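Work through the exercises below with the model open. Each task is followed by a solution in steps.

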Amino acid sequence: MNPQSRYVLVRARGSAQGPALLDEAELARRCGLHPELVRRFWALGLIPAARHVDGSPWFSPTQVPAVARLQRLRAALPLNYAALGLVCDLLDRIADLETALRVRGRTEPVRRPPTPQPTDDRSERN
């Protein structure tokens, strides 16, 4: 007789539909913040969230590094939380432009403006 192997099928959390979403308390716990600050970030549009059926926000686990970035910027710069959105947008834009420049590889030569030719005053007198 052959013994049959039995495997219990367990779906890893979030594996079929993508990463599992976090409620604001869990995101706050992972970031080491108060849940009210997470709500403020969400209300200011600094971190995106999906809406649950009951209207509460649910966040992607990828927002943890985004919140850490906001906290680093807030500690380093004398800005309020609303201004951090603008700073993050500008930093993202700079990163996109630098990436495009690197990918492009500077294939086009840099064109210098033509230098004016010196005029000879003697030839104009004759």
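Helices, here runs of at least four residues in DSSP state H or I, and strands, runs of at least two in state E, are numbered from the N terminus. The model is predicted.

**Exercise 1.** State how many helices and strands the protein has, and give their order.

Solution. Step 1: the assignment yields 5 helices and 3 strands. Step 2: read from the N terminus, the order is β-α-α-β-β-α-α-α.

**Exercise 2.** Describe the burial and the exposed surface of the protein.

Solution. Step 1: the protein has 126 residues, and 17% of them count as buried. Step 2: the exposed area is about 10500 Å², with 55% of it supplied by carbon and sulfur atoms.

**Exercise 3.** Find the buried residues of helix α1, and explain how they are arranged around its axis.

Solution. Step 1: α1 spans residues 24-31, and E24, L27 and A28 are buried in it. Step 2: down the axis of α1, the buried residues fall within an arc of 100°, so they line one face of the helix. Step 3: an α-helix has 3.6 residues a turn, so residues three or four places apart point the same way. Step 4: the cover over the buried residues of α1 includes β1 (22-23), α2 (35-43), β3 (57-59) and α3 (63-76).

**Exercise 4.** Is E24 buried or exposed, and which residues does E24 touch beyond four places in sequence?

Solution. Step 1: buried means under 20% relative accessible area. Step 2: E24 has 17%, so E24 is buried. Step 3: leaving out residues up to four places away in sequence, E24 touches V38, R39, P57 and F59.

Key: Residues numbered from 1 in each chain as written. Predicted model: local features only at pLDDT ≥ 70, side-chain atom pairs only at ≥ 80, totals over all residues. Heavy atoms only, no water. Buried < 20%, exposed > 50% of the residue type's maximum accessible area, 1.4 Å probe, protein only. Areas by Shrake-Rupley, 256 points an atom, 1.4 Å probe, with all protein chains shown as cover. Arc of directions from axis to C-beta. Contact = heavy atoms within 4.5 Å.
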